[in-house]
Amino acid sequence: MVESEKQQLAVKSQGGQFKFVEEAIPQPGPGQVLIRVHYSTINPFDRLCLMRERGNEGFIMGSEGSGVIQAVGEGIDSSQWVGKKVGFIGNGWARYVAKPLASLVVFKDDFDLKNGANSYINPFTVAGLLDYGLKHGAKAVIILAASSSLAKQLIRLAQLRGVITINIVRKDENVKELQETFGVEHALNQTSPTFYTDLEAVIAKTQPTVLYECVGGDLPGEVFSRMPAQSSMVVYGSLSSQTFTVKGVQFRWLDQSITGFVLHRWLAAISADERKQWFELVAKDLEEGGKIFGSKIIKVISLSDWEKNVAEAEAAATQGKYLINLLDA
Ligand SMILES: NC(=O)c1ccc[n+]([C@@H]2O[C@H](COP(=O)([O-])OP(=O)(O)OC[C@H]3O[C@@H](n4cnc5c(N)ncnc54)[C@H](OP(=O)(O)O)[C@@H]3O)[C@@H](O)[C@H]2O)c1
């Protein structure tokens, strides 16, 4: 048993709604470790869970987080692991979480865990999305909602791997930011009257073969219909919640394909070696300042204030992420 005068605190589904509860600290099972969570964050996936998992009795919110291993389950050497700093996926809106050791991103001892709160969802989604592009031979790709935190990491990783990005946003200030801060050559505003003409010119020049779609509505289908034969669209989000439409004729004649992407599925599908390489790449980048996978933190909140900050964090998403401090919870 873990000794602590404080108990577990968590945002948990009880009786059809999420509540801030105090209960017993979970215990790590075989192959698991118990993590004292230091920081978590608010992601679009959390907003989805708040709607979808309400009725899932016992579901603990928080798509990711960072903390320190405090105890280990059967089969794990405590002298090697207790005290290690880690990043994890799932149930981060809690003071304690038990996770399989094999699923953790491990950081150096001097790592600032604030920079590890976002070490999982967006970095590995970005890794999985680019992995798809690389394995399908893409030399150029199109990114919708390119102002998002995730898209900015995807742009950096693509630059590192020599893949050209064509970035589509909905505000001029985001075009400017991507050009000036991220050094992108192709950034287009989807609301511009010349958007589709400009896009056609860039497509003719760069020949992008993968479209990363997370918006919905008519935009993805319109962009896709202008892309080369045998291109693919990877659907990984639905920010507008609108059904996306695709022009059947072009889609058929151009022999295009549409596929869905979910992080958990990709992580389970790649080999242990590939997973290890991606984990090490993300940890190393975050330890060195997060040039690729770092997220900008714009506000620090406490767990008890989770409810009022969810909508506020969404409105401020382009500026950066909200960090939940669980050290003081
Ligand atoms: N499939 C997976 O496994 C997986 C994993 C992680 C994330 N995701 C998805 O990845 C996407 C981005 O995540 P994130 O954490 O980076 O999001 P985020 O930081 O919350 O940013 C979303 C950005 O998208 C822009 N946006 C919102 N609605 C839009 C719309 N209708 N059309 C165009 N742009 C819009 C907004 O920028 P402006 O207001 O400045 O335009 C906003 O800043 C989300 O859809 C999320 O669900 C999927």
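Domain bounds here come from an automatic or database domain assignment. On that basis, the chain of this predicted model splits into domain 1, made of residues 8-118 plus 295-325, and domain 2, made of residues 122-264. Domain 1 is thus written as two stretches of the chain, 8-118 and 295-325. The C-alpha centres of domain 1 and domain 2 sit 30 Å apart. Where the two touch, domain 1 puts in seven residues and domain 2 puts in six. On the domain 1 side of that contact, four residues are polar, two are nonpolar and one is charged.

Stepping back to the whole chain, there are eleven helices and 15 strands. The radius of gyration comes out at 21 Å, close to the 20 Å that the globule rule gives for 329 residues, so the chain is as compact as a globular protein of that length. Laid along its principal axes, the C-alpha trace spans about 65 × 40 × 35 Å.

The UniProt record, an unreviewed entry, lists residues 15-324 as "domain: Enoyl reductase (ER)". Helix makes up 34% of that span and strand 24%. The C-alpha atoms at its two ends, residues 15 and 324, are 25 Å from each other.

Now for the ligand. Around it sit 26 residues, and those that come nearest are S148, L150, G237, L263 and A317. Three elements each give two or more residues to this shell: helix 1 (44-52), helix 3 (121-135) and helix 4 (149-160). Helix 3 has the largest share, with three residues. Sorted by class, the shell holds 14 nonpolar residues, ten polar ones and just two charged ones. Both domains take part in the shell, since at least three of its residues come from domain 1 and at least three from domain 2.

At the start of domain 1, whose bounds open at residue 8, there is a hairpin to look at. Strand 1 (residues 8-14) runs antiparallel to strand 2 (residues 17-23), and the pair is joined over seven bridges. One of the pairings puts A10 opposite V21 of strand 2, its bridge partner. Two residues lie between the strands of this hairpin, and G15 has a positive phi near 60° there. As for the side chains, in a regular strand they alternate between the two faces of the sheet.

Notes. Residues are numbered from 1 along each chain as its sequence is written. This is a predicted model: local features need pLDDT of at least 70, side-chain atom pairs count only at pLDDT 80 or more; totals for chains, interfaces and linings use all residues. A residue is near a molecule or strand if its C-beta atom, placed from the backbone, lies within 6 Å of it. Helices (H or I, at least four residues) and strands (E, at least two) are DSSP runs, numbered from the N terminus. Ala, Val, Leu, Ile, Met, Phe, Trp, Tyr, Cys and Pro count as nonpolar, Asp, Glu, Lys and Arg as charged, and the others, Gly among them, as polar. UniProt positions are given in the numbering used here, feature names are shortened, and annotations may be inferred rather than shown by experiment. Two strands pair if DSSP finds at least two bridges between them. The radius of gyration is taken over C-alpha atoms; the globule rule is 2.2 Å times the number of residues to the power 0.38.
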